[in-house]
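Please work through the following exercises with the sequence and the coordinates at hand. Each task is followed by a solution in steps.

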Amino acid sequence: MALDKGLDNVAVHWPRTNRFYDPVAPAEFVDFGAVADAPDIAAPTGALALHIAKTGTVRATAYTELVDLLLGLEGVLYATDAAAEDEDPVIDPDGCAWIAGGLERFVEGHQEHGDLVTFDSVASVMRAAVAAGRLAEQQLRWLDHRLAALRDESGNAPHWSFARTELAILGGFYRRCAERGFAVFADY
């Protein structure tokens, strides 16, 4: 797995009908372009929405650590489970629904923290969600371990800076794939 290269998540038709997956026509995502034209939209949100509308693809590299943390696994957007089984690195429609659901719950939970998503705000939202669940003490220890692992050798947190609306658009991409029966091919 080449984690140092860029990662694109490309919407593809599911299941494949020949040797390769056929990309989904960007027309399936054209309505995302309207977000880019909305007044007062954060620039990263508009850029992501416009890229999805034009290509049916998400440049996923910037989101991998965050999505892995939110969903509790490693390499989610790289589709590493599939790659480990000598299969194509594809996230099936059910996996897309799972990713979308996790992002949607996070975006909703982050609302009280404002539109800027940082490492600290992610930690706060996740601590609140975990503390309200079953086995809270065990889950909080797991979360603290995961958060500590994301810090560099000097103890500095990752320099995450996302717009909450940007993550809503990201979740919307995976939700669209799930609802229309598309898969996502991890191209890196």
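The exercises below go from the whole chain to single residues.

The model is predicted: local features need pLDDT of at least 70, side-chain atom pairs count only at pLDDT 80 or more, and totals for chains, interfaces and linings use all residues. Residues are numbered from 1 along each chain as its sequence is written, and side-chain values use heavy atoms, with hydrogens and water left out.

**Exercise 1. Describe the overall make-up of the chain.**

Solution.

Step 1. Count the elements: the chain holds 8 helices and 6 strands. Here helices (H or I, at least four residues) and strands (E, at least two) are DSSP runs, numbered from the N terminus. Read from the N terminus, their succession is β-α-α-β-α-α-β-α-β-α-α-β-α-β.

Step 2. Evaluate the compactness. The radius of gyration is 17 Å, close to the 16 Å that the globule rule gives for 188 residues, so the chain is as compact as a globular protein of that length. The radius is taken over C-alpha atoms, and the rule is 2.2 Å times the number of residues to the power 0.38. The C-alpha trace spans about 50 × 45 × 35 Å along its principal axes.

Step 3. Consider burial and surface. Of the 188 residues, 43% count as buried; buried means under 20% relative accessible area, exposed over 50%, and partly exposed in between (1.4 Å probe, protein chains only). The accessible surface comes to about 10100 Å², with 51% belonging to carbon and sulfur atoms. Accessible areas come from the Shrake-Rupley method with a 1.4 Å probe; for residues, only the protein chains shown count as cover.

Step 4. Examine the contacts (heavy atoms within 4.5 Å). Among those between residues at least 6 apart in sequence, 71% join residues at least 24 apart.

**Exercise 2. Determine the strand order of the open sheet of 4 strands and what packs on it.**

Solution.

Step 1. Establish the order: S2-S1-S6-S3, with antiparallel pairing. Two strands pair if DSSP finds at least two bridges between them.

Step 2. Identify the edges. Strand S2 (57–59) and strand S3 (90–91) each have a single partner strand, so one side of each is left without a neighbour in the sheet.

Step 3. Locate the packing helix. Helix H5 (residues 93–109) touches S3 and S6, and its direction makes about 80° with that of S6. Axes are lines fitted to C-alpha atoms, for helices over the stretch in contact, and angles run from 0 to 180 degrees between N-to-C directions.

Step 4. Inspect the bridges. S1 is joined to strand S6 (residues 182–187) by 6 bridges, and S3 to S6 by 2 bridges. Phenylalanine 185 in S6 stands opposite valine 10, and phenylalanine 185 is also the bridge partner of valine 90.

**Exercise 3. Characterise the surroundings of asparagine 9 and aspartate 8 in strand S1.**

Solution.

Step 1. Place asparagine 9: strand S1 covers residues 8–13, and asparagine 9 stands opposite alanine 186 in S6. Asparagine 9 counts as buried because its relative accessibility is 0%.

Step 2. List its polar contacts (pairs of N or O atoms within 3.5 Å; within protein, one must be able to donate a hydrogen and the other to accept it, and residues adjacent in sequence count only if both atoms are side-chain atoms). The side chain of asparagine 9 reaches the backbone oxygen of leucine 77 at 3.0 Å and the side chain of tyrosine 174 at 2.5 Å.

Step 3. Turn to aspartate 8, which is partly exposed at 22% relative accessibility. Its side chain forms a polar contact of 3.5 Å with that of arginine 59. Beyond four places in sequence, the contacts of aspartate 8 include Thr57, Val58 and Asp187.

**Exercise 4. Find the backbone exceptions at proline 15, aspartate 40 and leucine 135.**

Solution.

Step 1. Recall the background: most residues other than glycine have a negative phi, and most peptide bonds are trans.

Step 2. Check the peptide bond between tryptophan 14 and proline 15: the bond is cis, with omega about -15°. Proline 15 lies in the loop between S1 and helix H1 (33–36).

Step 3. Check aspartate 40, whose phi is positive, near 60°. Aspartate 40 lies in the loop between H1 and helix H2 (43–55) and is exposed, with a relative accessible area of 82%.

Step 4. Check leucine 135, whose phi is positive at about 55°. Leucine 135 lies in the loop between helix H6 (119–131) and helix H7 (136–150) and counts as exposed at 53% relative accessibility.
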